[in-house]
Each structure stands twice: as structure tokens, then as C-alpha cells.
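Here is a walk through one model, taken piece by piece. Have the coordinates open and follow along.

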Amino acid sequence: MSFSWPWALVALLAVPLLLLARWWLNRRRKRAAVIVPSIALIRAALPGRTAWRRRVPVWLFLAGLLVLAVGAGRPQASVSVPANDTSILLAIDVSGSMCTTDIAPNRMTVAIDAARDFVSNQRDGTKIGLVAFSGIAGLLVSPTTDKDQLLDALDTLTTARGTAIGQAILTSLDAIAETNPDVAATGVDLGDVPPGPDGDYEPDTIVVLTDGANSTGVEPAVAAEQAAARRVRVFTIGFGTTNPAPMVCSPDQVGNDSFGGGRFGGGGFGGSRIQEIDEEALTAVADTTGGRYFKAEDAGQLDDVLGDLPKEFGLHREDQEITVWFILAGVLLVFGGMGFSLWPR
């Protein structure tokens, strides 16, 4: 907690000054004491009030003054609030295994539909970028508020060989660096500077959706260290099951191998296979960068994960004044002390 007017905390001296004045008045009363013949007469004349009931009003009143004095300094608390300048980089795996039909009609179709809903449901003004990755990673749409451009790009996704999860993260970081001057490009060596315990991250985030394991290029752990050094969180989603299923993509989903040269799957059809998701690596990436790992095994789970993500990453820390709460608490304590002093004896 910090204070806008720290010098106003001098008002805290009012409490010890009042206690000093009370002590001095008590001493004067003792000097002006009157000698009486019987203590029993004095006790009979005093109201039947216990010691704690006599002290409670005083302590409530003094506590109220202390709280009001702190409020005079205009205290501020660091809280998480929605960021208005958030950029979301959505990196989608378009490797050949996305043709697997364990999630009908296939993983590719379901992933694209979920991504379309995710884009459409974001509030106006949110910048979203799109990265597709297989054996390599490419930025299809730079962070933009144009939802139509994003939706059109999603409709053009096609499969290719390989899975470059680490490269997808680095490509997303470079895309963020183009719009956020506080995020350095991946070619800049920042050293080992992980985010602090206060969770002070950049408002930009990366979401990686994949159904497999890294098979080429930069290791995800290395890319995660680069993201952590730039205080950019990476949220990872493991999509798919371990159920054996044939790989069947429609003709418009089958693209050139690694964005060029050759076709995958012999016209879009392949044999059955078991696709293992590297959950350990995806979890490590999320933990290193301050994000979270999610598992989705069907269309409904994927929709739920993407729908809940904005609650996770649309925040940054900001100092907000909380003076009103101190004033309210102080007034209640002062009036509580006054009311308790008037309690029927």
C-alpha cells in the first residue's frame, strides 16, 4: 500500500496527544481530591459499570481517529484491473494430426469453429493476432480489431507436416513487439529476468492450441524463457484424446507441406494413429510464463476453455485509491465509540 499524501500521516499524532492530555487531566483530578470519611459511600454512589465498558468507547474512538488519519494520507492499493490495450496472439496448430477424427468431424474443423467463436465474442476494441504453425510458424494476421479479417483468415487454414510449438511462441512474441514498445523482439538478449512475484505482466498474451508435441525447431522451454523475460504470459491448450482414430481432412483442409512443396495425407486421408499430447511440456511453458495449461477433449470443453480465457489474461496491476474505505471505517468506529458511551448504565 502506498500514499498520495504521505505528509498527511502526521495526523496520527492526534491519538498520542489525546492520551497525553487524558493522563494530564487525571493527574489534576488527583491533586484536587476531596477527603471523605467512607470509601463505601463513594462505591455506592458510583454507577454499576464494569471497567471494560468504561474503556470500550475510548478505544473505539481512538481507533476511529487512527483510521481516519491513515485515510487522510490517501492510501492506494495495487489491484488487478482489466487492460484496455490487451493484444491476444492466437497460435493454432495446423499439423497433419489435426485431421484426426477422434473429435468429429475432425480436430481441425472443431478448432477453427471454436476460434471463430472466440474472436466473435471478444469485446470491440480488443486486438487479436493469428499465428498458424506446423513445421514452421507464420503470422497470418497482425494484432487487429478487425474481426472480419481474422474470421476470413481462419477459413483459409490448411494442414502441413511438423509441429513447431516453440517457434509459434517466438513468432507471437515478435508480433507483440511490433505493437508494444515495452516488449523486445526475440533477437534482443534480455538475460534471465523472470516475472516478479507480484504478477506484473504485460497486457499482451499468447494462446497456443496444439494436439501434439514439438517435433522441430526451437524447444518450447527455450521459447517460454524468452516470453518470461519479456513478462508475456503464454496459455497453452492441449486438444484431443488418446483414442485411435483415422486422419481424414476435407480437400480444402489439406495444404502444402510446411507451407510449400508436396501434399499431406494422400488427398486428405490417412491411417489410424494415437496422438500423444506433450502435456508436461505445455504445462512447463505455462508455469514458466505465468500462464495456465488447459486440456480439452471435445468441442464443448474447447469452447469452455476459450470462453473463460479472457478472465485469466485481460488484467494488469494498477494503483487505485482506497481512501473512501478508510473514511467509512473511521467514521463507523468513532460513532460506535460515541454510541457505546451513551449505552444505558
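## Lys 147 and its partner

In this predicted model, Lys 147 counts as partly exposed, at 21% relative accessibility. That puts Lys 147 just on the partly exposed side of the cut-off, because buried means under 20%. Its salt-bridge partner is Asp 124, with the closest N and O atoms 3.6 Å apart. The two sit in distant parts of the chain: Lys 147 is in helix α5, Asp 124 is in the loop between α4 and β4, and 23 residues separate them. Asp 124 is exposed, with a relative accessible area of 71%.

## The other salt bridges

How many salt bridges does the count come to? The count is six. Side chains of opposite charge can pair when their charged atoms come close. One of the pairs is Asp 155 with Arg 116, where the closest N and O atoms are 3.0 Å apart. Asp 155 lies in the loop between α5 (147-154) and α6 (165-179) and Arg 116 in helix α4, so this contact ties together parts 39 residues apart in sequence. Arg 116 is partly exposed, with a relative accessible area of 26%.

Then there's Glu 279 with Lys 295, whose closest N and O atoms are 3.9 Å apart. Here helix α9 (residues 279-289) holds Glu 279 and strand β10 (residues 293-296) holds Lys 295, so the pair ties together parts that are 16 residues apart in sequence. Both ends are partly exposed: Glu 279 has 33% relative accessibility, and Lys 295 has 31%. Finally, Asp 102, Arg 107 and Asp 211 are linked in a network of salt bridges.

## A strand inside

Is strand β3 largely enclosed or open? Seven of the seven residues of β3 (residues 87-93) are buried, so the strand is largely enclosed by the rest of the structure. In a regular strand the side chains alternate between the two faces of the sheet. In β3, one side carries Ser 87, Leu 89, Ala 91 and Asp 93, the other carries Ile 88, Leu 90 and Ile 92, and all of them are buried.

Next to β3 runs strand β4 (residues 127-133), parallel to it and joined to it by seven bridges. To check the register, look at Leu 89, which stands opposite Gly 129 in β4. Asp 93, also found in β3, counts as buried at 0% relative accessibility. Its C-alpha is 9.7 Å from that of Phe 239, although the two residues are 146 apart in sequence.

## Charged and nonpolar patches

On the surface, Asp 113, Asp 117, Asp 298, Asp 303 and Asp 304 gather in a patch of negative charge. Helices α4 (107-121) and α10 (299-313) each supply at least two residues of this patch. Asp 304, for one, is found in α10.

There's a nonpolar surface patch too, of about 510 Å², made by Leu 18, Phe 61, Ile 327, Val 331, Phe 335 and Met 338. Which helix gives the largest share of the nonpolar patch? Helix α11 (residues 323-341) does, with four residues. Among the patch members, Phe 335 has its place in α11 and is exposed, with a relative accessible area of 55%. Leu 333 also has its place in α11 and counts as partly exposed at 27% relative accessibility. The C-alpha atoms of Leu 333 and Trp 59 are separated by 9.2 Å, with their positions 274 residues apart along the chain.

## Backbone details worth a look

Two backbone spots round off the tour. The peptide bond from Ala 104 to Pro 105 is cis, with omega near -5 degrees. Pro 105 is found in the loop between β3 and α4.

Arg 231 has a phi near 60 degrees, a positive value in a residue other than glycine. Arg 231 lies in the loop between α7 (220-229) and β7 (233-239), and at 25% relative accessibility Arg 231 counts as partly exposed.

Definitions and conventions: Residues numbered from 1 in each chain as written. Predicted model: local features only at pLDDT ≥ 70, side-chain atom pairs only at ≥ 80, totals over all residues. Heavy atoms only, no water. Patch = residues over 30% accessible without salt bridge, like charges linked within 9 Å, V, L, I, M, F, W, Y side chains within 5 Å. Areas by Shrake-Rupley, 256 points an atom, 1.4 Å probe, with all protein chains shown as cover. Salt bridge = Lys/Arg side-chain N within 4 Å of Asp/Glu carboxyl O. Lys, Arg positive; Asp, Glu negative; His and termini not counted. Charge placed at Lys NZ, Arg CZ, Asp CG, Glu CD. Buried < 20%, exposed > 50% of the residue type's maximum accessible area, 1.4 Å probe, protein only. Pairing = 2+ DSSP bridges.
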